[in-house]
Amino acid sequence: MCGVFGIHAPGRDVARLTYFALYALQHRGQESAGIAVANGGRITAQKDLGLVPQVFDETALQALTPGSAAIGHCRYATTGASRWPNSQPIVRHRKGRTVALGHNGNLTNTAALRAELAERGVRLETTSDTEVIAALICEHPGTLEEAVQAAMERIEGAFSAVVLDGEKVIGFRDPDGIRPLVLGDLDGSPVLASETCALDIVGATLVRELEAGQMAILSTTGVEVVQAVPARQVGGAALCIFEFIYFARPDSRMDGIGLHAARQRMGERLAAEAPIEADVVIAVPDSGTPAAQGYARASGIPFADGLVKNRYVGRTFIQPEQGLRDSGITLKFNPIRDVIEGQRVIVVDDSIVRGSTTTKLVRMLFTAGAKEIHLRISSPPIVSPCFYGIDMAATSELIAASRTVDEVAAVLGATSLAYLSLDGLQASTDHGADRFCRACLTRSYPTAIPADLVDGGRFRFETGAAAVRA
Ligand code: SF4
């Protein structure tokens with residue numbers, strides 16, 4: 001995942017606006033946060049491990065020099081360990097050029113590009129794929145636009161990124177359009193963001209989404225959008241369908257569709273495809289809530305709050321290590337016994353990855369007195385890993401990769417289990433299948449996946465303690 005933001009607004013407090021935008025994008029990455037500000041050719045940056053409000057207080061914000069442009073990033077690591085040098089924006093100086101870069105996505109040819117850069121004597125300080133993009137841009141002798149375009153021609157995989165030099169901000173999106181990037185307008189000043197919810201929080205309006213392979217150049221002359229590299233997909237993009245199911249905030253709009261309504265439609269279709277007699281529908285909050293509401297509405301079974309979520313604990317799925325995931329779940333949910341006790345309960349969630357969280361939830365609900373637990377999942381089974389920026393799991397860890405639905409239900413301990421069909425999911429998005437990446441559901445990837453990526457995992461460029469942990 002990761003969230004990115006960029007703004008060119010001379011005379012505005014660009015650092016503070018970026019801080020608020022990152023707050024809205026916090027759900028996309030909770031490991032580190034950073035802001036870089038440009039003023040008259042100079043870049044000042046501040047970044048650290050932690051949530052946005054842990055990294056930035058008033059003093060930290062004021063330490064960022066006032067500037068005409070800024071970028072921001074919140075990180076969820078998919079290449080490289082969760083260490084300070086890997087936090088973003090990555091700032092790189094070389095050959096008279098300084099750039100700061102924030103990246104959402106995951107490159108698939110990082111190993112080859114690292115080897116090529118090493119051969120050319122270009123030193124890399126981090127183990128992330130993002131620095132490779134920054135290095136390619138810094139090494140290029142041309143303008144920033146030319147350097148970004150040349151880098152886009154070399155890098156493969158998923159990237160929605162923002163880059164800042166002393167004066168301009170450029171946002172660019174991979175030729176498959178896997179991760180989102182939107183362009184907004186703030187009282188005449190252009191802004192870029194991973195999601196529209198970040199535009200809302202700073203008071204900007206949506207202008208358009210960047211299409212696959214496009215870059216947007218934000219400067220004193222306004223904004224210019226160019227097709228830097230050709231789009232590769234027949235449908236124009238292979239947007240990650242999990243942005244619709246789960247990752248993006250429900251108040252965001254993506255590809256012209258409101259995500260809250262799309263998730264409710266997923267629940268309605270799930271009720272039609274997998275009906276069951278029960279007393280109450282509950283959600284796994286918050287990401288399962290819109291689909292649970294849709295399921296309840298379509299089935300006529302009342303919706304109730306059956307699980308309370310502690311909002312001050314991070315999303316279990318997004319934390320990088322299994323140990324953290326395991327300890328997080330007990331902190332995060334608590335059942336409401338009055339709603340559950342003696343009831344046949346339909347529990348709606350958006351997805352099941354490893355199944356460890358769901359197993360604990362089922363146990364917790366039976367302990368709270370549930371008579372039956374019918375799991376209804378508003379996406380199809382996840383059967384293959386993601387190489388485009390979602391640290392889901394290896395195939396061997398995915399609970400549905402080699403089990404039937406009944407076998408998964410038995411492992412989870414549920415009375416019954418049903419998933420939304422691929423067709424049902426697709427119809428809920430109001431778009432055709434050719435508009436999306438659905439590879440983790442279908443095993444059909446929109447780009448080539450090199451063997452080192454399949455075998456290596458997220459820590460393949462680490463040495464020392466991080467490599468041992470991997
Ligand atoms: S593989 Fe799955 S999670 Fe990854 S980009 Fe494609 S649809 Fe999204």
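**Strand pairing, covered helices and the ligand shell**

Strands β7 and β8 pair in the antiparallel sense, with five bridges between them. In this predicted model, the two strands form a hairpin in which four residues lie between β7 and β8. One of the bridges can be followed residue by residue: serine 160 has arginine 173 of β8 as its bridge partner. Strand β8 also has a partner in β12 (residues 214–219), to which it is joined by four bridges, again in the antiparallel sense. Here isoleucine 170 is matched with isoleucine 217 of β12.

Strand β8 spans residues 169–173 and is mostly covered, with five of its five residues buried. Val169, Gly171 and Arg173 point one way from the strand, while Ile170 and Phe172 point the other way, and all are buried. Arg173, the bridge partner of serine 160, is thus among the buried residues of β8.

A further set of pairings involves strand β9 (residues 182–186), which is joined to β11 (residues 205–209) by four antiparallel bridges. Aspartate 185 has threonine 205 as its bridge partner in β11. Strand β9 is also joined to β10 (residues 189–193), this time by five bridges and likewise antiparallel. In that pairing, valine 182 sits opposite alanine 193 of β10 as its bridge partner. Strands β9 and β10 form a hairpin with two residues between them, and aspartate 187 in the turn has a positive phi of about 50°.

Turning to the helices, α5 (residues 130–139) is mostly covered, nine of its 10 residues being buried. The buried residues are Thr130, Glu131, Val132, Ile133, Ala134, Ala135, Leu136, Ile137 and Cys138. Glu131, for those scanning the helix for charged side chains, is on this buried list. The cover over the buried residues of α5 includes both strands and helices: β5 (90–94), β6 (97–107) and β7 (157–164), together with α4 (110–119) and α6 (144–154). Strand β7 therefore appears twice in this account, since it helps to cover α5 and also pairs with β8.

Helix α10 (residues 289–299) is mostly covered as well, with eight of its 11 residues buried. Those buried are Thr289, Pro290, Ala291, Ala292, Gly294, Tyr295, Ala296 and Ser299. The elements that cover them include helix α9 (259–273) and the strands β17 (280–283), β20 (344–349) and β21 (372–377). Just after α10, glycine 300 takes a positive phi of about 80°.

The ligand is surrounded by Ile178, Cys240, Ile241, Phe242, Cys386, Tyr388, Ile390, Cys437, Arg438, Ala439 and Cys440. Sorted by class, this shell has 10 nonpolar residues, no polar residues and one charged residue. Two helices, α8 (241–247) and α16 (439–442), each supply at least two residues of the shell.

One member of the shell, Cys437, can be described in further detail. Cysteine 437 is located in strand β23 (residues 436–437). With 26 other C-beta atoms within 10 Å, cysteine 437 is buried. Leaving aside residues up to four places away in sequence, cysteine 437 touches Ile178, Ala238, Leu239, Cys240, Ile241, Tyr388 and Pro446. Several of these names return from the ligand shell, including Ile178, Cys240, Ile241 and Tyr388. From cysteine 437 to alanine 147, the C-alpha to C-alpha distance is 28 Å, and the two are 290 residues apart in sequence.

At the level of the whole chain, the domain assignment gives domain 1 (3–238) and domain 2 (259–430). The centres of domain 1 and domain 2, taken over C-alpha atoms, are separated by 33 Å. The secondary structure of the chain comes to 18 helices and 23 strands. The radius of gyration is 22 Å, close to the 23 Å that the globule rule gives for 470 residues, so the chain is as compact as a globular protein of that length. The C-alpha trace spans about 70 × 45 × 45 Å along its principal axes. Buried residues make up 54% of the 470 residues in the chain. Of the contacts with a separation of 6 or more, 71% are accounted for by residues 24 or more positions apart.

Technical notes. Residues numbered from 1 in each chain as written. Near = placed C-beta within 6 Å. Nonpolar A, V, L, I, M, F, W, Y, C, P; charged D, E, K, R; others polar. Buried ≥ 20, exposed ≤ 12 C-beta atoms within 10 Å, placed from the backbone. Contact = placed C-beta atoms within 7 Å. Domains from an automatic or database assignment. Pairing = 2+ DSSP bridges. Rg over C-alpha atoms; globule rule 2.2 N^0.38 Å.
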